[in-house]
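Subject: Structure handover

Hello,

The sequence and the structure are below. My notes on what was found follow.

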Amino acid sequence: MNQKKLKAIDLFAGIGGIRIGFESAGFETIYSNDFDKNAAATYRLNYGEIDDTSLIKVTAERGMKKIPKKFDILLGGFPCQPFSVAGNKKGFADANRGNLLFNVIEILKKRKPRAVFLENVKHLKNHDDEKTFKRIQEELLKAGYHMKAEVMNSMTHGNVPQNRERIYIVAFRSPRTLMKFRFPDKIPLTKKMSHILEKNVDDEHYYDERFGEIYTRIKKAVKNRDSFYQYRRIYVRELKNGMAPTLTASMGAGGHNVPLIRDAKGVRRLTPRECARLQGFPESFKFPTNQAKSHLYKQVGNSVTVPVISRIAENIRIALES
Ligand SMILES: C[S@@+](CC[C@H](N)C(=O)[O-])C[C@H]1O[C@@H](n2cnc3c(N)ncnc32)[C@H](O)[C@@H]1O
């Protein structure tokens, strides 16, 4: 039987981690949006088109012309800085970013897709004494959506050795469809650090005397070849059991949150490809060769763990089709 594919729009698309997850579960993407020119270039390289106009502008346009009239699900890994512990935690008070969720709600009210999928930092749940989360629930309900949310860790739910807790929100217009949906269970972790690391990594990833004081500190702390480490502004921490730290948008910017390892050649940071593997991206995923590495790290840190997404997407598809 040749069933028609369920259609998705991919907002705050970044480098398309959510898209890959949903497409592997049988969805088709018919519109994508992200205003970051570098992320958009990476996205284009991998999937073709993306609209790089700010979503604020797109929703303000009369009739929201760019947003397709009909689609089944809205996907949105909306910006997390206003809610994250690392960010300033202004939440909805953040004039530019917190309010983007209202743009999503606007689209839902106008286009009425059958389902919504949102992803954000775990802290979204507790932000502002849980007021933010309750507000999201209320706004979704006012727009006609019933939601479920769950915090899942990539290492327990995505079979990648990355300690990354995120909140996943799934909502449907039909309460009966919501009843049919369940979040995926834990799965065994079989992917190890050895599956992630590349061989023959370029010298530029290694630390040496040029890094001065940082090098002295790192060289002393990063001893064990079976552990990931993380450089956190002024100290280095070792992660247990071969798990990698949560990859972050800031990890490529220099001195903070940089994931480190020791190998036969010395102490080095991870490569963008290794970071993509920790996020469960397929090997076929392409990185542009004309962007600074710091952009690539930011893009992967901002993204999602693909296998977690595809497992949720599979359950959404089953709920929508049953
Ligand atoms: C957490 S990232 C989402 C990453 C994506 N889920 C992925 O797999 O790569 C949030 C994205 O929202 C985008 N963004 C923030 N404000 C925006 C706006 N006003 N219009 C469009 N995109 C925006 C950022 O550029 C960033 O790429």
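H1 and H12 cross with a right-handed sense. This is a predicted model. The axes of H1 and H12 lie 7 Å apart, and the angle at which the two helices pack is about 45°. H1 therefore counts as oblique to H12, since angles that are not under 35 degrees, over 145 or from 65 to 115 fall into that class.

On the H1 side, the residues that make this contact are Gly17, Ile18, Ile20, Gly21, Phe22 and Ser24. H12 contributes Val306, Ile309, Ser310 and Ala313. By class, the contact of H1 with H12 has 6 nonpolar and 4 polar residues, and no charged ones.

Domains

The domain assignment splits the chain in two. Domain 1 takes residues 6-189 together with 302-321, and domain 2 takes 193-300. Over C-alpha atoms, the centres of domain 1 and domain 2 are 27 Å from each other.

Where do the two domains touch? In the contact between them, 23 residues of domain 1 meet 24 residues of domain 2. On the side of domain 1 that touches domain 2, the elements giving two or more residues are H1 (17-24), H2 (37-47) and H12 (306-321). H1 and H12, the pair described above, are thus both on that list. H2 has the largest share of that side of domain 1, with 6 residues. The side of domain 1 that touches domain 2 divides into 11 nonpolar, 11 polar and 1 charged residues.

Ligand

Which residues are closest to the ligand? They are Phe12, Gly14, Gly17, Asp36 and Gly77, out of 22 residues that surround the ligand. Gly17 also appears among the residues of H1 that contact H12. At least two residues of the shell around the ligand come from H1, and at least two from helix H3 (55-60). The shell around the ligand is made up of 12 nonpolar, 8 polar and 2 charged residues.

H1 therefore recurs throughout these notes: H1 packs against H12, gives residues to the side of domain 1 that touches domain 2, and supplies part of the shell around the ligand.

Regards

Notes:
Residues are numbered from 1 along each chain as its sequence is written. This is a predicted model: local features need pLDDT of at least 70, side-chain atom pairs count only at pLDDT 80 or more; totals for chains, interfaces and linings use all residues. Domain bounds come from an automatic or database domain assignment. Two residues are in contact if their C-beta atoms, placed from the backbone, lie within 7 Å. Helices (H or I, at least four residues) and strands (E, at least two) are DSSP runs, numbered from the N terminus. Ala, Val, Leu, Ile, Met, Phe, Trp, Tyr, Cys and Pro count as nonpolar, Asp, Glu, Lys and Arg as charged, and the others, Gly among them, as polar. Axes are lines fitted to C-alpha atoms, for helices over the stretch in contact, and angles run from 0 to 180 degrees between N-to-C directions. A crossing is left-handed if the near helix is turned anticlockwise from the far one by less than a right angle, and right-handed if clockwise. A residue is near a molecule or strand if its C-beta atom, placed from the backbone, lies within 6 Å of it.
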